[in-house]
Amino acid sequence: MAKKAVLLINGEIDIAFCESYICQHLDDLPIYCADGAFNQIQNVKSLVNKVRMIIGDGDSIDHAKRLNIPYQQDDDQYSTDFEKALNHLRQHGYRELFLFGFGGREMDHYLGNISTLLRHQYQLKCQVIDRYGVSQLMHQKMCISNAKGKMVSIVPLFELIDLTLQGFAFDLDQYTLRFGEELGIRNHALQDELFIDYSQGDGLLFLSHDPYHRFLSK
């Protein structure tokens with residue numbers, strides 16, 4: 001079975017949501033923090049007690065020493081703390097990660113994080129979780145479960161060729177989406193299982209936590 005972990009990144013972390021979601025859905029997993037993210041959660045005992053390691057270039061090392069949490073320092077200035085954390089976790093056998101603090105703050109950080117995910121997409125399965133939903137990089141054949149009624153958006157990076165969608169309010173049959181031309185946003189699921197297939201390209205899939213209003217209105 002693939003090793004799994006929670007990874008906190010130094011974007012905007014909704015602390016109350018993060019604490020609640022991890023308690024309800026990921027309580028048995030260890031938590032790792034990219035440098036800086038730990039500063040946001042250091043007063044949240046239920047999260048701090050689960051932190052196995054902080055990884056980065058030294059920003060949180062004093063807090064780590066004070067709380068006796070292992071610190072993996074990497075002074076490489078050509079990689080972000082997020083990438084340092086991904087490399088460390090991959091090298092230690094982790095294959096599935098649940099990410100919090102991925103977005104928010106400066107837009108270049110968010111776009112840079114997406115680029116980092118693309119570099120690791122064949123080694124790590126990453127789900128980005130925020131208060132609105134779960135997002136992930138797409139792969140050529142996907143089945144999404146427990147989806148009925150939820151909002152689904154697909155954004156090509158920068159092209160998805162021969163995209164087929166089944167189980168959606170707006171299905172597609174071998175259609176091509178291109179960034180700057182057409183996006184697949186604000187669709188919603190009519191079935192509990194969604195099927196996605198395409199031949200080439202990359203994309204981001206967003207799935208809401210809650211039912212989408214267009215579904216509720218029917």
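**A walk around one predicted protein chain**

Hi everyone, let's start at the surface: the protein chain exposes about 11,700 Å², and carbon and sulfur atoms supply 48% of that area; such areas come from the Shrake-Rupley method with a 1.4 Å probe, and for residues, only the protein chains shown count as cover. Please keep in mind that this is a predicted model, where local features need pLDDT of at least 70 and side-chain atom pairs count only at pLDDT 80 or more, while totals for chains, interfaces and linings use all residues. Residues are numbered from 1 along each chain as its sequence is written, and side-chain values use heavy atoms, leaving out hydrogens and water.

Now, the inside. Of the 218 residues in the protein chain, 47% are buried, where buried means under 20% relative accessible area, exposed over 50%, and partly exposed in between, with a 1.4 Å probe and protein chains only.

Next, the build. You can find seven helices and 13 strands in the protein chain; these are DSSP runs numbered from the N terminus, with helices being H or I of at least four residues and strands E of at least two.

Let's zoom in on one residue. Glu 96 sits in strand 5, which spans residues 94-100. Is Glu 96 buried or exposed? Glu 96 counts as buried because its relative accessibility is 12%. Leaving aside residues up to four places away in sequence, Glu 96 touches Lys 3, Lys 4, Ala 5, Lys 125 and Gln 127, a contact being heavy atoms within 4.5 Å.

Finally, the overall extent: the C-alpha atoms of the protein chain fill a box of roughly 55 × 35 × 35 Å, taken along the principal axes. Thanks for listening!
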